[in-house]
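The following note collects comments on the structure shown below. The points proceed from particular side-chain contacts to the strands and then to the chain as a whole.

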Amino acid sequence: MGWSIASAGDVDGDNKGDLLIGADGRDHILDTTGTAYLVRGRDLDETGLIYINSVGTPFMGTYQGEKAGVSVASAGDVDGDGLDDLLIGAKGNGEMGPEAGAAYLVLAQDINFFDPTELPQIGYQFLGERALDEAGSSVAGVGDINADGLDDFLIGAPSSKYNHQGMGKVYGVFGETMSTQQLLANSPIIIEGLFPQDHTGHAVASAGDIDSDGFMDIRIASPSLYFHHHPGAVYILEGGTLKEGGRFSVHDARFVLQGENGGDMLGFSLGFAGDVYDNGTQALLIGAPAYDGSGEDQGSIYIVTEYP
């Protein structure tokens, strides 16, 4: 438990933030089907040791080795009902082939907070394209890319072997294009990596509206860029470019942030730091866990507030 953690936004509309916690190794019916737990802020009024079974609403995978909960995120409000929805990745899902992967979108209005639920019974399902793609390894709500008033989200498939093994791919889904079961191959936005073994889409995240054009921008990480020498890279693509949908490459990025040294694995993790310098700019966090500082693989975190 805790392989993945994220803010869930406000799922129940009580003006308190909620939590989403992934336990991708949990066994339900079969081995490592995985589970994600929703914990409401109202249930965390007391401090101390808290058992997840006493406060968490479980959403359970149903396929052996599915690893539901390997990634979790708030989707934002994708259906316009004023409540935040949930994203749960399941990179081992095998419906489209072994480890093709999948991601589930769970709408807040469909949640029964008192009963455990199997994900195929409640979630909108987004299925990977091919065996071993591991779609759902990363998920992220990224705000409103196309300025239609509904929030949109990303699903990463870092092991996608389209053209090249492990090049990676990221899918973007607009709020209004949801269907109960959808093939990621038919997603409104498809963004491909550049080189074999880049693992593009290992991490995905919003970048905020860094160019102030009214469209939310996105970040896509390729921590294994150049494979054996993997300095890693993070690509920032503008929402204004993506708003109409289509097929893209990370080569279309407006900004590219590359690791300092071979082996840094820049972009292994992505996050937000808020307005840390009180200058109106949302700082972006980028992790490089294999950065060598005063020791081997000491790791480094970069706070980015300015762009070329």
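1. In this predicted model, Glu-238 is buried, its relative accessible area being 16%, which places it under the 20% limit for that class. Its side chain forms a salt bridge with that of Arg-254, with an N to O distance of 2.5 Å. Glu-238 belongs to the loop between β17 (233–237) and α3 (239–242), and Arg-254 to the loop between β18 (246–249) and β19 (255–258), so the contact ties together parts of the chain 16 residues apart in sequence. Arg-254 is partly exposed, at 46% relative accessibility.

2. A second salt bridge joins the side chains of Asp-12 and Arg-40, at 3.7 Å from N to O. The two residues are 28 positions apart and link distant parts of the chain: Asp-12 sits in the loop between β1 (4–9) and β2 (18–23), while Arg-40 sits in the loop between β3 (35–39) and α1 (52–55). Asp-12 is buried, with a relative accessible area of 17%. Arg-40 is likewise buried, with a value of 11%.

3. Arg-42 and Asp-14 also meet through their side chains in a salt bridge, here at 3.3 Å from N to O. Arg-42 is located in the loop between β3 and α1, and Asp-14 in the loop between β1 and β2, so this pair too ties together parts 28 residues apart in sequence. Arg-42 is partly exposed, at 37% relative accessible area.

4. How many salt bridges does the model contain? The count is eight. Through shared partners, salt bridges connect Asp-12, Asp-14, Arg-40, Arg-42 and Asp-43 into one network.

5. Turning to the strands, one open sheet has five of them, in the order β5-β6-β7-β9-β13, and its pairing is mixed. Its edges are β5 (68–76) and β13 (181–183), each of which pairs on one side only. Neighbouring strands in this sheet are turned against each other by 20° on average, direction ignored. β5 runs antiparallel to β6 (residues 85–90), to which six bridges join it. Within this pairing, Ser-74 has Leu-86 of β6 as its bridge partner.

6. Another open sheet of five strands follows the order β10-β11-β12-β14-β18, again with mixed pairing. Here the edge strands are β10 (138–143) and β18, each pairing on one side only. The average turn between neighbouring strands of this sheet is 20°, direction ignored. β10 pairs with β11 (residues 152–157) in the antiparallel sense over five bridges, and Val-139 stands opposite Ile-155 in β11.

7. As to overall form, the secondary structure comprises three helices and 22 strands. The radius of gyration is 18 Å, close to the 19 Å given by the globule rule for 308 residues, so the protein is as compact as a globular protein of that length. Along the principal axes, the C-alpha atoms fill a box of roughly 50 × 45 × 45 Å.

8. Of the 308 residues, 55% count as buried. Among contacts between residues at least 6 apart in sequence, 55% join residues at least 24 apart. The exposed area of the protein is about 13000 Å², of which carbon and sulfur atoms supply 49%.

How values were computed:
Residues are numbered from 1 along each chain as its sequence is written. This is a predicted model: local features need pLDDT of at least 70, side-chain atom pairs count only at pLDDT 80 or more; totals for chains, interfaces and linings use all residues. Side-chain values use heavy atoms; hydrogens and water are left out. A salt bridge is a side-chain nitrogen of Lys or Arg within 4 Å of a carboxyl oxygen of Asp or Glu. Helices (H or I, at least four residues) and strands (E, at least two) are DSSP runs, numbered from the N terminus. Buried means under 20% relative accessible area, exposed over 50%, partly exposed in between (1.4 Å probe, protein chains only). Two strands pair if DSSP finds at least two bridges between them. Axes are lines fitted to C-alpha atoms, for helices over the stretch in contact, and angles run from 0 to 180 degrees between N-to-C directions. The radius of gyration is taken over C-alpha atoms; the globule rule is 2.2 Å times the number of residues to the power 0.38. Contact means heavy atoms within 4.5 Å. Accessible areas come from the Shrake-Rupley method with a 1.4 Å probe; for residues, only the protein chains shown count as cover.
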